[in-house]
Amino acid sequence: MYHMKNDLRVTKSAEQLYVGLSRCMQQKKIEDITSWELQEASGVGRTTYFRLFDSKYDILQWKCDQHVYRLFSAYAKDCPADTGGFSAGGRFFRYFFDYWRDDSLIIEQAIDTGRVDIVYEACRKSGEKVFRQRKPSGEDEIGDAAWEQDYALCLQNGMLVSVLTTWVRRGKKERPEELRKFIGRMLAYAGYGAL
């Protein structure tokens, strides 16, 4: 777990810790990185590190949360009538993969550490913050009931994270539009309708 205040100095220290951790991860596995090595690589003291983060994995969770929240919020701003991935012809899926095409380091780090759950958790939290605030459009097939929204977010996030991690492992060879069409074909094949 991380413990962040909305304070520029705290954010700067957290960012320095992330950069330091990234440097260390180029040399060795995350489980082999000591607090002292992280402190040296980041220039952030031990007390600050433990005040902000309970573990090295929490640094990755914080950074991933930042990326995903920024992505989801930008999408909500750019496509205000859309409430998420399954509506509006799959615009969200293409937007999602366009975002990660150019900067997938945090995803690669989550994969390398065996902690893809970090990405899923970031998508779950941001999806709830961003998309739950919006009323479904006429195109949406999900209802207003909280349980329907829970399952819709679960299905969307599970699919997004699975496809995203496979895409990154494969070197991001496919274009986002190709992925969107492929996901639509697979959903149609499975009887869930097309994107």
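Reader: In which helix is Tyr57 found?

Author: Tyr57 is found in helix 4. The model is a predicted one, and what follows is computed from it.

Reader: Is Tyr57 buried or partly exposed?

Author: Tyr57 counts as partly exposed, because its relative accessibility is 22% and buried means under 20%.

Reader: With which residues is Tyr57 in contact, leaving aside its neighbours within four places in sequence?

Author: Tyr57 is in contact with Ile30, Glu31, Thr113, Arg115 and Ile118. A C-alpha distance can be added: Tyr57 and Ala110 are 53 residues apart along the chain, and their C-alpha atoms are separated by 8.8 Å.

Reader: Lys63 also lies in helix 4. Does Lys63 count as buried or exposed?

Author: Lys63 counts as buried, because its relative accessibility is 9%. Leaving aside neighbours within four places in sequence, Lys63 is in contact with Glu15, Tyr18 and Ile106.

Reader: Which residues of helix 6 are buried?

Author: A general point comes before the list. An α-helix has 3.6 residues a turn, so residues three or four places apart point the same way. In helix 6, residues 105–112, the buried residues are Ile106, Ile107, Gln109, Ala110 and Ile111. Ile106 is one of the contacts of Lys63, and Ala110 is the residue whose C-alpha atom is 8.8 Å from that of Tyr57.

Reader: What follows helix 6?

Author: Gly114 follows helix 6, and its phi is positive, near 75°.

Reader: How should a positive phi be read?

Author: Most residues other than glycine have a negative phi, and most peptide bonds are trans. A case in a residue other than glycine is Lys172, with a positive phi near 55°.

Reader: Where does Lys172 lie?

Author: Lys172 lies in the loop between helix 8, residues 146–169, and helix 9. Lys172 is partly exposed, because its relative accessible area is 24%.

Reader: How many helices and strands are there in the chain?

Author: The chain has 9 helices and 0 strands. Along the sequence, the pattern reads α-α-α-α-α-α-α-α-α. Of the 195 residues, 44% are buried. Among contacts between residues at least 6 apart in sequence, 71% join residues at least 24 apart.

Reader: Ser13 lies in helix 1. Is Ser13 buried or exposed?

Author: Ser13 is buried, because its relative accessible area is 16%. Helix 1 spans residues 8–27. Apart from neighbours within four places in sequence, Ser13 is in contact with Val44, Thr48 and Leu52. The C-alpha atoms of Ser13 and Gly43 are separated by 8.8 Å, the two residues being 30 apart along the chain.

Reader: How is the packing of two helices described?

Author: Two packed helices are described by the angle between their axes and the distance between the axes. Helix 5, residues 91–102, packs with helix 9, residues 176–189, at an angle of about 145°, and the axes are 8 Å apart. The crossing is right-handed.

Reader: Which residues of helix 5 meet helix 9?

Author: From helix 5 come Phe93, Arg94, Phe97, Asp98 and Arg101, which meet Pro176, Glu177, Leu179, Arg180 and Ile183 in helix 9. By class, this contact has 5 nonpolar, no polar and 5 charged residues.

Reader: At what angle do helix 5 and helix 8 pack?

Author: Helix 5 and helix 8 pack at about 35°, with axes 11 Å apart. Their crossing is right-handed. In helix 5, Phe92, Phe93, Phe96, Phe97, Trp100 and Arg101 meet Gln156, Met159, Leu160, Val163, Leu164 and Trp167 in helix 8. The classes here are 10 nonpolar, 1 polar and 1 charged. Phe93, Phe97 and Arg101 appear in the contact with helix 9 and also in the contact with helix 8.

Reader: How is empty space found, and how much lies in the second largest pocket?

Author: Rolling a probe the size of a water molecule over the atoms shows where empty space is left. In this model, the second largest pocket holds about 300 Å³ of space. Its lining has 13 residues, and the closest to the centre are Tyr2, Trp62, Asp65, Gln66 and Lys129.

Reader: Which helices each supply at least two residues of that lining?

Author: Helix 4, residues 56–78, and helix 7, residues 117–131, each do so. Helix 4 gives the largest share, 5 residues. By class, the lining of the second largest pocket has 4 nonpolar, 4 polar and 5 charged residues.

Methods. Residues are numbered from 1 along each chain as its sequence is written. This is a predicted model: local features need pLDDT of at least 70, side-chain atom pairs count only at pLDDT 80 or more; totals for chains, interfaces and linings use all residues. Side-chain values use heavy atoms; hydrogens and water are left out. On a 1 Å grid over the protein atoms alone, a cavity is a set of points where a 1.4 Å probe fits but cannot get out, and a pocket is an open set with protein on both sides within 12 Å along at least five of seven lines; lining residues have an atom within 4 Å of a point. Grid points are joined across faces, edges and corners, and a volume is the space filled by probe spheres set on the points. Helices (H or I, at least four residues) and strands (E, at least two) are DSSP runs, numbered from the N terminus. Ala, Val, Leu, Ile, Met, Phe, Trp, Tyr, Cys and Pro count as nonpolar, Asp, Glu, Lys and Arg as charged, and the others, Gly among them, as polar. Axes are lines fitted to C-alpha atoms, for helices over the stretch in contact, and angles run from 0 to 180 degrees between N-to-C directions. A crossing is left-handed if the near helix is turned anticlockwise from the far one by less than a right angle, and right-handed if clockwise. Contact means heavy atoms within 4.5 Å. Buried means under 20% relative accessible area, exposed over 50%, partly exposed in between (1.4 Å probe, protein chains only).
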